[in-house]
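Subject: Structure to look at

Hi,

Here is the structure I promised to pass on. Have a look at it first, then read my notes underneath.

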Amino acid sequence: MPATAAFPPITIIGMPIDLGASVSGADEGPTALRRGGLAEALKGVGRVVQDLGDLGVPRRGDVPGDLETTDAAGRPIKLRRTDAVVDACRGLYEKLVEVYASGHLPLVIGGDHSAAIGDVTRAVISASSLSSTTSSTMSNTLPPMVPIRF
């Protein structure tokens with residue numbers, strides 16, 4: 001089945017991040033999913049698939065650890081490798097902008113929950129720009145803004 005407006009091509013983006021997690025291992029998700037045959041399974045149901053590989057994310061041992069601080073109520077909290085997480089998510093956001101602009105549907109695989117920062121940011125910006133647009137032509141040419149996560 002060729003890609004159509006109802007079934008845009010899927011672009012897989014690996015986000016091997018475990019910097020926001022309390023334990024290591026989530027960064028192995030993209031490799032495991034690829035070895036498990038993710039792209040082949042999608043192709044097997046007629047989807048056009050492109051795999052961009054993994055984004056460059058620093059390894060856990062290469063960045064400073066937790067920052068201990070307090071929340072607004074004065075309770076202690078830990079912020080895990082905040083600068084590295086923000087940089088990685090910014091890279092994911094930028095890649096998502098490219099993928100959406102190409103008319104593909106991104107499939108972000110991998111990592112811990114901090115990877116969702118890039119996904120959600122892109123989806124929220126897309127939704128807000130569409131809601132302020134009255135041009136039906138523009139909204140009809142954009143692919144669905146639904147990041148799919150495993």
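Before we get to any pairs, one bit of vocabulary: a helix here is a DSSP run of H or I that is at least four residues long, and helices are numbered from the N terminus. Keep in mind, too, that this is a predicted model.

With that in hand, take Lys95 and Glu98. Their side chains meet in a salt bridge, at 3.2 Å from N to O. Where do Lys95 and Glu98 sit relative to each other? Both are in helix α3, and because they are 3 residues apart there, about one helical turn separates them. Lys95 is partly exposed, with a relative accessible area of 23%, and Glu98 is partly exposed as well, at 48%.

Helix α3 covers residues 82-101, and another pair lies in it: Arg90 and Asp87, again 3 residues apart, or about one turn of the helix. This salt bridge has an N to O distance of 3.3 Å. Arg90 counts as partly exposed at 44% relative accessibility, and Asp87 does too, at 49%.

In case you are wondering about the chemistry, side chains of opposite charge can pair when their charged atoms come close.

Now for a pair that is not within one helix. Arg34 forms a salt bridge with Asp54, and their closest N and O atoms are 2.6 Å apart. Arg34 belongs to helix α1 (residues 29-35) and Asp54 to strand β2 (residues 49-54), so this pair ties together parts that are 20 residues apart in sequence. Arg34 has a relative accessible area of 25%, making it partly exposed, and Asp54 is partly exposed at 38%. There is a third member to look for here: Arg34, Asp51 and Asp54 are linked in a network of salt bridges.

How many salt bridges are there? The count comes to 6.

Finally, the wider view. The chain has 5 helices and 6 strands, and from the N terminus on its elements run β-α-α-β-β-β-α-β-α-α-β. Of its 150 residues, 35% are buried. Among the contacts with a separation of 6 or more, 73% are between residues 24 or more positions apart. As for the surface, the chain exposes about 8500 Å², and carbon and sulfur atoms supply 58% of that.

If you open the structure, try finding Lys95 and Glu98 in helix α3, then move on to the network of Arg34, Asp51 and Asp54.

Cheers

Note on methods. Residues are numbered from 1 along each chain as its sequence is written. This is a predicted model: local features need pLDDT of at least 70, side-chain atom pairs count only at pLDDT 80 or more; totals for chains, interfaces and linings use all residues. Side-chain values use heavy atoms; hydrogens and water are left out. A salt bridge is a side-chain nitrogen of Lys or Arg within 4 Å of a carboxyl oxygen of Asp or Glu. Helices (H or I, at least four residues) and strands (E, at least two) are DSSP runs, numbered from the N terminus. Buried means under 20% relative accessible area, exposed over 50%, partly exposed in between (1.4 Å probe, protein chains only). Contact means heavy atoms within 4.5 Å. Accessible areas come from the Shrake-Rupley method with a 1.4 Å probe; for residues, only the protein chains shown count as cover.
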